[in-house]
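Reader: Please take me carefully through one helix pairing and then place it in its wider surroundings. I would like the cut-offs behind each term stated as you go.

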Amino acid sequence: METINFYIQQGKEYQKNKQFDLAISEFTRAIQGEENKVEAYYWRGFCFYHINNFDKALTDFNATINLKPDYAKAYYWRALAYLNLKEEKKALEDLTQAINLNPNDVISYYRRAEIFNQNED
């Protein structure tokens, strides 16, 4: 477990420095371990999102949500990936779920309102 935590911490450091390819490698190493992989999937999805690999981001956010269905941030970032893939209905569903899980998440309300406003134009 210590090794996996090390990989996750290393990945987060790389991610903070916008070294997304290195971060993805570290998170992948963590995922290959035996223990809880939720955090590694989430952060790897976050990195894939930031290098515009939205399909891989979706795969990792799906894995995160399958392992931890109440992970509000995973729904939020999956919604953004869906938006970039022009799948607004799925994005709205995920933003609504993020809000249901974390009613104080102002940014999810804002993003959802943006979609509603764009559809009214």
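Reader: Is the crossing of α2 and α3 left-handed or right-handed?

Author: The crossing of α2 and α3 is left-handed, a term used when the near helix is turned anticlockwise from the far one by less than a right angle, a clockwise turn being called right-handed. The model is predicted, so that local features need pLDDT of at least 70 and side-chain atom pairs count only at pLDDT 80 or more, while totals for chains, interfaces and linings use all residues. Residues are numbered from 1 along each chain as its sequence is written, and side-chain values use heavy atoms, with hydrogens and water left out. The helices named here are DSSP runs (H or I, at least four residues), numbered from the N terminus.

As for the geometry of this pair, the axes of α2 and α3 come within 9 Å and cross at roughly 155°; axes are lines fitted to C-alpha atoms over the stretch in contact, and angles run from 0 to 180 degrees between N-to-C directions. The two helices are therefore roughly antiparallel to each other, the word applied to angles over 145 degrees (under 35 is roughly parallel, 65 to 115 roughly perpendicular and the rest oblique).

On the α2 side, the residues that meet α3 are F20, A23, I24, F27, T28, A30 and I31, and their partners in α3 are A40, Y41, W43, R44, C47, F48 and H50, contact meaning heavy atoms within 4.5 Å. By class, this contact has 11 nonpolar, 2 polar and 1 charged residues, where Ala, Val, Leu, Ile, Met, Phe, Trp, Tyr, Cys and Pro count as nonpolar, Asp, Glu, Lys and Arg as charged, and the others, Gly among them, as polar.

Helix α3 also holds G45, a residue that counts as buried because its relative accessibility is 0%; buried means under 20% relative accessible area, exposed over 50% and partly exposed in between, with a 1.4 Å probe and protein chains only. Leaving aside its neighbours within four places in sequence, G45 is in contact with A57, D60 and F61. The C-alpha atoms of G45 and A30, which are 15 residues apart along the chain, are separated by 13 Å.

The wider setting of α3 is the largest nonpolar core, a core being a set of buried Ala, Val, Leu, Ile, Met, Phe, Trp, Tyr and Cys residues joined through side-chain atoms within 4.5 Å. Of its 38 residues, Y42, Y49 and W77 touch the most other members. At least two residues of this core come from each of α1 (2–16), α2 (20–31), α3 (38–50), α4 (54–67), α5 and α6, and α3 gives the most, with 9 residues. When neighbours within four places in sequence are set aside, Y42 contacts F61, T64, Y71, K73, A74 and W77.

A second pairing can be set beside that of α2 and α3. Helices α5 (residues 72–84) and α6 (residues 88–101) pack with their axes 8 Å apart, at an angle of about 165°, which makes α5 roughly antiparallel to α6. Here too the crossing is described as left-handed, with α5 passing α6 in that sense. From α5 the contact takes in A72, Y75, Y76, R78, A79, Y82 and L83, which meet E88, K90, A91, D94, L95, Q97, A98 and L101 in α6; these residues divide into 10 nonpolar, 1 polar and 4 charged. Among them, R78 is buried, since its relative accessible area is 14%. Apart from neighbours within four places in sequence, R78 is in contact with L58, F61, N62, I65 and D94.

Two loops flank the pairing with which this answer began. In the loop between α1 and α2 is K18, which has a positive phi of about 60° although it is not a glycine; K18 is exposed, with a relative accessible area of 65%. In the loop between α3 and α4 lies N52, whose phi is near 65°, again a positive value in a residue other than glycine. At 56% relative accessibility, N52 counts as exposed.

Finally, Y109 in helix α7 (residues 106–120) counts as partly exposed at 36% relative accessibility. Its C-alpha atom and that of F46, 63 residues apart along the chain, are separated by 20 Å. Beyond neighbours within four places in sequence, Y109 is in contact with I99 and P103.
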